[in-house]
Amino acid sequence: MVLEKLGSALKETLRKITRKGFVDKELLEEMSRDIQRALLQSDVNVKLVFDLTQRIKKRSLSEKPPTGLTQKEHVINIIYEELVKFLGGKRSEIPLKPIRILLVGLFGSGKTTTVGKLALFYKKRGLKTCMIACDTFRPAAYEQLIQIGKQIGVPVFGNPEEKDSSKVLREALKKAEKYDVKIVDSSGRDALNDEMIEEIKKLNEILNPEERILVVPADLGQQAENQAKRFQEALNITGIIITKMDGTAKGGGALTSCAATGAPVKFIGTGEKLDALEKFDPERFISRLIGFGDLKTLLEKAKEAGVDETAKKIVSGKYTLEEFYEQIEKVQKMGPLSQVANMIPGFSKIKALGKVPDMSVQEEKLKHFKFIIDSMTPEEKQEPSIIDGSRVRRIAKGSGCSESEVRELLKLYKQSKKVMKMIKPGKGGMRFLKQFGIK
Ligand SMILES: Nc1nc2c(ncn2[C@@H]2O[C@H](COP(=O)(O)OP(=O)(O)OP(=O)(O)O)[C@@H](O)[C@H]2O)c(=O)[nH]1
Ligand SMILES: [Mg+2]
């Protein structure tokens, strides 16, 4: 993505904050200027940028860090939160159920391509999908959609002989009755003139779609706001798809100005190919942009499986056999540890060293491990290193398991403790987790 420049500028700003010993007014001013410079280069609206940095400064000065967070971490957290809000906050879901979608936008914005991308998106998720060609304005529009349909194996309904798009839509809807998802392409114009408004209003009435989506190209930068507002007034759009995010440095401007209209950005297009469509999630987008890895997914997963508690103990150094057992039990629910750990920034390096143990333990084995741990004394659980040969024999007997299984458990524990040490605070990933309350 061409937003790399914006990303590296923001990263540098955060690095500056981490390098400083403490946060003072001077540092906040400098940070504010850095963020402004980075965002303005990405064509973000000056007023929006100014408001954003004011909010960050105000919060950084007035809010006390929550317990456990240093002031620096708190400021970084505020920057993250405000940037996420800046892009609309929460992700806006497109539901995976039978749905009618109308795509509108000016000439060359990427409508027809995006109709194909969305159709592929729904088809991949198992919904019976079709496309309807209602651009009767541009001569080759029908043929273009037919070609896209062939590529992705999705049927196209339309009538290249008919010039009235309302008629085309009515006819097509009859043929498309048994399809779950109906995605309608419409014709563009140079500008949103009365003729275009009238045409898409008619299509809207006939289709009665759940989603009316404006397609805008990212290279419009902050100009996208004006367009989005006008389409909102004319058609009450339910969302926006920003295309061509791969080909411009102005993506930040397009994203923020669309978010400012209140109409959620649902997807972004990141290439000409039909699979180059990404769900737009502000939290994930910002974490990626500022290099914090796929933080949100990790946090969600961790929350679901209750791993955050374990993570706290790991980071605080209280990682006993019992914690280890708890962890393998939870990881069991989440998928292999290596997969979860992949989402922690910096972990790939550890993995490259070949130091990630295989934590996927069979159900049966997990039960045995439980018996083994239950047969240990409290001291042994706290300090497994005291477990010598005679203790191993005793534990094996007491648990009804074999000595080799006891040794296997101890070995796994040791390996995993080693890995946990490598991702302890101060080494990237966990330090960041700490800022988000996992510590
Ligand atoms: N790089 C890049 N190119 C894109 C993207 N989306 C669309 N395009 C290209 O943009 C050009 C216009 O796309 P169309 O889908 O034909 O646009 P349209 O809005 O249907 O155009 P009209 O029907 O003429 O109004 C094509 O060359 C597409 O390949 C994208 O996300 N990235
Ligand atoms: Mg088109």
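Me: Helices are DSSP runs of H or I with at least four residues, strands are runs of E with at least two, and both are numbered from the N terminus. With that in hand, where is the place of S402?

Reply: This is a predicted model. In it, S402 sits in the loop that connects α19 (389-399) with α20 (403-422).

Me: Is S402 buried, partly exposed or exposed?

Reply: The class depends on relative accessible area: under 20% is buried, over 50% is exposed, and partly exposed lies in between. S402 has 34%, so it counts as partly exposed. As for its surroundings, H368 is 34 residues away along the chain, yet the two C-alpha atoms are separated by 9.4 Å.

Me: How many helices and strands are there in the chain?

Reply: The chain has 21 helices and eight strands. Of its 439 residues, 51% are buried. Among contacts with a separation of 6 or more, 74% are between residues 24 or more positions apart.

Me: What order do the strands of the sheet have?

Reply: The general idea is that strands pair through backbone hydrogen bonds, in a parallel or an antiparallel sense. Here eight strands form an open sheet with mixed pairing, in the order β3-β2-β4-β1-β5-β6-β7-β8. The edges are taken by β3 (156-157) and β8 (277-279); each has a single partner strand, so one side of each lacks a neighbour in the sheet.

Me: Which way do β7 and β8 run, parallel or antiparallel?

Reply: Strand β7 (residues 265-269) is joined to β8 by three bridges, and the two run antiparallel. Within this pair, I268 has E278 of β8 as its bridge partner. On the packing of helices, α9 (residues 224-235) touches β1, β5 and β6 of the sheet, at about 155 degrees to the direction of β5.

Me: Which strands does helix α5 lie across?

Reply: Helix α5 (residues 111-124) lies across β1 (99-104), β2 (129-134), β4 (181-186), β5 (211-217), β6 (239-243), β7 and β8. Its angle to β4 is about 175 degrees.

Me: How many residues of β5 are buried, and on which faces?

Reply: In a regular strand, side chains alternate between the two faces of the sheet. In β5, seven of seven residues are buried. One side carries E211, I213, V215 and P217, the other R212, L214 and V216, and both faces are covered. As for partners, β5 pairs with β1 in the parallel sense over four bridges, with I101 opposite E211. The pairing of β5 with β6 is also parallel and has five bridges; there V215 stands opposite I241.

Me: Which residues come nearest to ligand 1?

Reply: There are 20 residues around ligand 1, and G110, K111, T112, T113 and D246 come nearest. By element, α5 gives the largest share of this shell, four residues.

Me: What polar atoms lie close enough to ligand 1 to count as polar contacts?

Reply: The test is a pair of N or O atoms within 3.5 Å. A backbone N or O atom of G110 is 2.9 Å from an oxygen atom of the ligand. A polar backbone atom of K244 also lies 2.9 Å from a ligand oxygen atom. In D246, a polar side-chain atom is 2.8 Å from a nitrogen atom of ligand 1. Ligand 1 taken alone exposes 650 Å², and the protein buries 82% of that.

Key
Residues are numbered from 1 along each chain as its sequence is written. Chains are lettered from A and ligands numbered from 1 in the order in which they are written. This is a predicted model: local features need pLDDT of at least 70, side-chain atom pairs count only at pLDDT 80 or more; totals for chains, interfaces and linings use all residues. Side-chain values use heavy atoms; hydrogens and water are left out. Two strands pair if DSSP finds at least two bridges between them. Contact means heavy atoms within 4.5 Å. Axes are lines fitted to C-alpha atoms, for helices over the stretch in contact, and angles run from 0 to 180 degrees between N-to-C directions. Buried means under 20% relative accessible area, exposed over 50%, partly exposed in between (1.4 Å probe, protein chains only). A residue is near a molecule or strand if one of its heavy atoms lies within 4 Å of it. A polar contact is a pair of N or O atoms within 3.5 Å; within protein, one must be able to donate a hydrogen and the other to accept it, and residues adjacent in sequence count only if both atoms are side-chain atoms. Accessible areas come from the Shrake-Rupley method with a 1.4 Å probe; for residues, only the protein chains shown count as cover.
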